[in-house]
Amino acid sequence: EMMSLFSKVVKIIVAENGILSRAHTPSQAIKLLKTRKNFLSTTSVCLAKKRKSGEEETRVSIRGLFSETDRSKTSFIATLEVFKERDKHLRGHVEFIYAAMKYMEDFGVQKDLEVYKGLVDLMPKDKMIPRNLFQEEFMHYPKQQQCAIDVLEKMEENGVLPDTEMEMILVNTFGKRSHPVRKFGRMMYWMTKFKNASPWPLPQSVPLDALELAKMAVARMCTVDPVSNITVFQTSDVEDAVDDTWIVSGQSPSQEELIAQHSADQPIKVEGPFRIFLRDQLVGYFILRAEAVPPPTPKKADNDDVSNLKFWFTGQLEEEEEKELTKPLTVHEQDDGTILAIGATGTSSRDSLLSWIRLLQEKNPKLAEIPVLFTQASPIGTVMTFENQQETENKADLKS
């Protein structure tokens, strides 16, 4: 009975695998299954090799399309037109779009809306539009829809706002309720809100000149004090200067007062370079910093204390108290130090920073008496406030 049952099961398995076995015994059926298994494994290996070679040929052909010596917007769009003319059925459009996205920075078209519309327009129309609700929700043609979403995300990363023409291309390609069209709707809602939300607006394409970038960066950082002055110096005005470059310096009148009130025994430091990004451009800057000063103790009594009230009509006179109020801290006096000036130089060298300090002595003569240390390195680790520093020193004293 067991053998008969086993033979029936084997015949069913063989029939389901497409083998109309002429075997009447289990051993013959098992031999046929092994033969078919070896055939399938050999066929799959051959197909995998063929697929791999085809993919390599596709990569080589796509790489050849973008191997232009003239890397400009015109040549990039011409490459898209060549792909359209070469394959009328637009086969391999997903691989081509991903490859084109990798070369956008090399051609300088990563912020061009027309190029993004040309990429999405490479996909075939009307074929991938869902016909029912299930196709809409379960992402009909998922590979192509994900490719379009990746194109939209690259637009979002580069700050490119889509337009109505892009919406029509997506609708004609994937349908009105597809996932790329939903992504387009979210981009149109949020990108328009955040486009002008920054209090420090920048042009769409920032200048590439280092001096202009330094002016914009120092002016942005000095907006914490509206009366700050931005000055451009030349190291050639300093005697014995080695570097011939420019210096952009930012300082406010309150910072000049802090330098004038600084003790000549306490040194100040020139720290940096630090980094600030203006869109995709990097600017290095330095700060002139003094050590943190402990906050002054309040000299006026607490007005909310009602435990010991004295009134004139009871004959009790109020004791004279100091009415002097504590001076509030400026915006430049932070917990980790006092910022006395901000500067950026063309070479970021030690000699240019020394020239910067000498040029600052024209408005801050006290700098000639204060020792200045050049660290020439950004601080590493977490910022330690004055209170935490005092606690650390107290703990060290107790341990010792």
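Is Gln-144 buried or exposed? Here is a friendly tour of the model that starts from this residue; please keep in mind that the structure is predicted.

1. **Gln-144.** This residue sits in helix α8. Its relative accessibility is 14%, and the cut-off for buried is under 20%, so Gln-144 counts as buried. Beyond the residues up to four places away in sequence, Gln-144 touches His-93, Val-94, Met-123, Met-128 and Phe-174. Do remember Phe-174, as this residue comes back in points 4 and 5.

2. **The largest nonpolar core.** If you want a place to begin looking at the helices, try this core, which has 35 residues. Phe-76, Met-104 and Leu-170 are the members with the most contacts inside it. At least two core residues come from each of α3 (73–86), α4 (93–102), α5 (104–107), α6 (113–120), α8 (142–157), α9 (164–174) and α10 (179–194).

3. **Met-104 and its surroundings.** Which residues is Met-104 in contact with, leaving aside its neighbours within four places in sequence? They are Phe-76, Val-109, Gln-110, Val-115, Tyr-116, Leu-119 and Lys-154. Phe-76, like Met-104, is among the core residues with the most contacts inside the core.

4. **The buried side of α9.** Five residues to pick out in α9 are Met-166, Ile-169, Leu-170, Thr-173 and Phe-174, which are buried. Why do they lie on the same side of the helix? They cover an arc of only 100 degrees around the axis of α9, and that places them together on one side. The elements covering the buried residues of α9 include α6, α8 and α10. Just after α9 comes Gly-175, which has a positive phi near 100 degrees.

5. **How α9 meets α10.** The axes of these two helices are 9 Å apart, and the helices pack at an angle of about 160 degrees. An angle over 145 degrees counts as roughly antiparallel, and α9 and α10 are therefore roughly antiparallel to each other. Their crossing is left-handed. On the α9 side the contact is made by Met-166, Glu-167, Leu-170, Val-171 and Phe-174, while α10 brings Pro-180, Val-181 and Phe-184.

6. **Asn-229 in strand β1.** Moving on to the strands, β1 spans residues 229–234 and contains Asn-229. With a relative accessible area of 36%, Asn-229 is partly exposed. Which residues does Asn-229 touch, not counting residues up to four places away in sequence? The answer is Ser-249, Gly-250 and Gln-251. The C-alpha atom of Asn-229 is also 5.8 Å from that of Ser-252, although the two residues are 23 residues apart along the chain.

7. **A cis peptide bond.** Please look at the bond from Gly-272 to Pro-273, which is cis, with omega near 0 degrees. Pro-273 belongs to strand β3 (residues 268–278).

8. **Positive phi in residues that are not glycine.** Asp-126 has a positive phi of about 70 degrees although it is not a glycine. You will find Asp-126 in the loop between α6 and α7 (133–137), and at 46% relative accessibility Asp-126 counts as partly exposed. Arg-279, which is not a glycine either, has a positive phi of about 55 degrees. The loop between β3 and β4 (281–290) holds Arg-279, and its relative accessibility of 40% makes Arg-279 partly exposed.

Note on methods
Residues are numbered from 1 along each chain as its sequence is written. This is a predicted model: local features need pLDDT of at least 70, side-chain atom pairs count only at pLDDT 80 or more; totals for chains, interfaces and linings use all residues. Side-chain values use heavy atoms; hydrogens and water are left out. A nonpolar core is a set of buried Ala, Val, Leu, Ile, Met, Phe, Trp, Tyr and Cys residues joined through side-chain atoms within 4.5 Å. Buried means under 20% relative accessible area, exposed over 50%, partly exposed in between (1.4 Å probe, protein chains only). Contact means heavy atoms within 4.5 Å. The arc is that of the directions from the helix axis to the C-beta atoms. Axes are lines fitted to C-alpha atoms, for helices over the stretch in contact, and angles run from 0 to 180 degrees between N-to-C directions. Angles under 35 degrees count as roughly parallel, over 145 as roughly antiparallel, 65 to 115 as roughly perpendicular and the rest as oblique. A crossing is left-handed if the near helix is turned anticlockwise from the far one by less than a right angle, and right-handed if clockwise.
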